[in-house]
Amino acid sequence: MDTSSKENIRLFSKNSMQPVGRLSFKTEYPSSEEKQPCCGQLKVFLGALSFVYFAKALAEGYLKSTITQIERRFDIPSSLVGIIDGSFEIGNLLVIAFVSYFGAKLHRPKIIGAGCLIMGVGTLLIAMPQFFMEQYKYERYSVSNSTLSISPCLLDSNNSLPIPVVEKSQSKINNECQIDASSSMWVYVFLGNLLRGFGETPIQPLGIAYLDDFASQDNAAFYIGCVQTVAIIGPIFGFLLGSLCAKLYVDIGFVNLDHITITPKDPQWVGAWWLGYLIAGSITLLAAVPFWCLPRTLPRPRSREDSSSSSEKSKFIMDDHTDYQTPPGEKAKIMEMARDFLPSLKSLFGNPVYFLYLCASTVQFNSLFGMVTYKPKYIEQQYGQSASKANFVIGLINIPAVALGIFSGGIVMKKFRISIRGAAKLHLGSSVLGYLLFLSLFALGCENSDVAGLTISYQGTKPVSYHERALFSDCNSRCKCSETKWEPICGENGITYASACLAGCQTSTGSGKTIIFNNCTCVELAASKLGKSSGMVGRCQKDNGCAKMFLYFLVIAVITSYTLSVGGIPGYILLLRCIKPQLKSFALGIYTLAVRVLAGIPSPIYFGVLIDTSCLKWGFKRCGSKGSCRLYDSNAFRHIYLGLTMMLGIMSIFLSTAVLFTLKKNYVSKHRSFRTKRERTMVSTRIMKENCTTSDHLLHPSYWPGKETQL
């Protein structure tokens, strides 16, 4: 046999051999003969991971549902509530990179179990301030149970000017300020949520990577879709639990509820926000148990060992043929792993598809985090709904649409075997259509409630400009009223007044929730008919047209949520398939880190700061410092909330388009190089076969030169 034949045989043998990295897989993971225990243990891990996703999502959904309750209980502005909400992401920031990198080389199930324990303790810590604070006190004009008429308007015999703040003795102010110091216990809520962030760190990067490592390639997308769908079911129960707790008074079990003079629709109502955290914390601790019984590794499916199954991925990733699995019996060395940290990080950010998708996801999550955090507050202020009803409609209507969208995306990826470019197109298409639908919500708002001195004049004839807002008028000029109080009453004329005193009410009858104020001079001034001069406790309800707008809002919001969620799983699969397998856990950790730091932390804060600019009436603490907002400008709130969400969504669409173009460019260039390499291999194989055939013919006794030519 000549020299060229020998070289071709060697080339053929070299191309048919398994790479070194594949040998390590077979050493690390048993062959398909041991596939049966893999399926059972993998499904146990799938069930355990789904349950812990449910538990952490339940706590997160419940936290979102209690945003307004925490704001009122601790009497803090929305911007500070945004910091509390972002503390979860701060906890992730501190450890996510190291947990995702080093955890991938250690016992992943046990690390996830330890994280669940920390997360459960943090959830229980959030509820602790309730047991150390004094009972909740709200601003409310109270009347004794006697039948005597008591005047809310303290008439000034000297006809002096109104006094903005009723003077108090210095000793009384000091005592109230000492009591008011208990409102700083929101720090414990901050620390508890921070601890939740610590514990949640390993769940996503290590759990998803563990599933993707040991599931077949066809089932990986479906399994991840199942986990993400169960994770969406968690917030459903979280918001429903928040709706139930919002109906219960904050100090239930500690006070006589018959003496409570406000209702759940009152802006000062605070529900039993702490109760749900005790339930969510207990469930999270229970979710940690299964992970301590699972093995470090599982048998690997044959489809993952077959090099042909990764042909598409090879067009986007340059395989370095290195053995990245730890050999059996060899313990991972921390210094060696640390030495590879910076090169691994450089490799990730050097991948243009990964980097662009990371930027697109970060901007989009800025939009989604801000929108979800303040959605209950938006429904309360825009459509005049109670906190309980707002949480109920979000949990029962909106979030199931998100779950269905995520599950639909996983089914589409599995059934149609969509490629990486197809996943990028599906992700981009769902974003474009979703934000186009979201644009229609600008037209589905309600006008401001008629509040005397804030949104309408005391005569009820024209809106009040910003410079003309004043709570005092000629009709209440003889009353000594406090400008800082917010004790709203609804007059017979359909106008809300900040307090009975500012409404000029002379007498009152009844007790508790049935107080009736009579002879109100300001109510009579704006009444269309003579004789209407009374009012009752609470704000006036918005008109019937607002209820219809709320129904339209729910329909559009559900369709929008479903559309945006369809692209969730395709985007996740794109993230997993555009990186080297040995960097999978690390890439997911960096992805989570970026989303937490650049979206989860700042988004609720700057959303809250901008929303606070639309406040018309601030509450004040006992020491005189500013508390939480009592009344918002509905139009300004709508434009800030929806406009900011839409602007961030458009930016993410442009970045997702860049991802698709980059994928297309890489696919064309690497497909050509892959095809050229394959053609060279086929030519070498054909030459080798021809040479082998010639050698066989020469050895055959019936062969003579020119036989094939004659035949």
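A residue is called buried here when its relative accessible area is under 20%. With that cut-off in hand, helix H6 makes a friendly starting point in this predicted model. The helix covers residues 108-126, 19 residues in total, and spans 28 Å between its first and last C-alpha atoms. That reach is close to the 27 Å expected at 1.5 Å a residue. The buried residues of H6 are Arg108, Pro109, Ile112, Gly113, Gly115, Cys116, Met119, Gly120, Gly122, Thr123 and Ile126.

Attention turns next to the nonpolar interior. The largest nonpolar core contains 105 residues, and Val52 and Tyr354 are the ones with the most contacts inside it. Helix H25, residues 634-699, supplies the largest share of this core, with 10 residues. The surroundings of Tyr354 can be listed in detail: beyond its neighbours within four places in sequence, Tyr354 is in contact with Leu348, Leu575, Cys578, Ile579, Ala587, Ile590 and Tyr591.

Helix H25 also includes Ser634. Ser634 has a relative accessible area of 4%, and therefore counts as buried, the cut-off being under 20%. Once residues up to four places away in sequence are set aside, Ser634 touches Gln381, Gln382, Cys446, Glu447, Asn448 and Lys542.

A helix pair comes next. The axes of helix H18 (residues 387-415) and helix H22 (residues 568-577) come within 7 Å of one another, crossing at roughly 55°. Because of this crossing angle, H18 is described as oblique to H22. On the H18 side, the contact is made by Ile406, Gly409, Gly410 and Met413, while H22 contributes Ile569, Pro570 and Ile573. Sorted by character, the residues of the contact between H18 and H22 comprise five nonpolar and two polar, with no charged residue.

The final site to visit is Leu275, which is found in helix H11, residues 273-287. Leu275 has a relative accessible area of 28%, so this residue is classed as partly exposed; that class lies between the buried limit of 20% and the exposed limit of 50%. Leaving out residues up to four places away in sequence, Leu275 touches Tyr62, Cys245 and Leu248. Leu275 can also be placed relative to a residue of another part of the sequence: Leu124 is 151 residues away along the sequence, yet the C-alpha atoms of Leu275 and Leu124 are 9.8 Å apart in space.

Methods
Residues are numbered from 1 along each chain as its sequence is written. This is a predicted model: local features need pLDDT of at least 70, side-chain atom pairs count only at pLDDT 80 or more; totals for chains, interfaces and linings use all residues. Side-chain values use heavy atoms; hydrogens and water are left out. A nonpolar core is a set of buried Ala, Val, Leu, Ile, Met, Phe, Trp, Tyr and Cys residues joined through side-chain atoms within 4.5 Å. Buried means under 20% relative accessible area, exposed over 50%, partly exposed in between (1.4 Å probe, protein chains only). Helices (H or I, at least four residues) and strands (E, at least two) are DSSP runs, numbered from the N terminus. Contact means heavy atoms within 4.5 Å. Axes are lines fitted to C-alpha atoms, for helices over the stretch in contact, and angles run from 0 to 180 degrees between N-to-C directions. Angles under 35 degrees count as roughly parallel, over 145 as roughly antiparallel, 65 to 115 as roughly perpendicular and the rest as oblique. Ala, Val, Leu, Ile, Met, Phe, Trp, Tyr, Cys and Pro count as nonpolar, Asp, Glu, Lys and Arg as charged, and the others, Gly among them, as polar. The expected span of a helix is 1.5 Å times one less than its number of residues.
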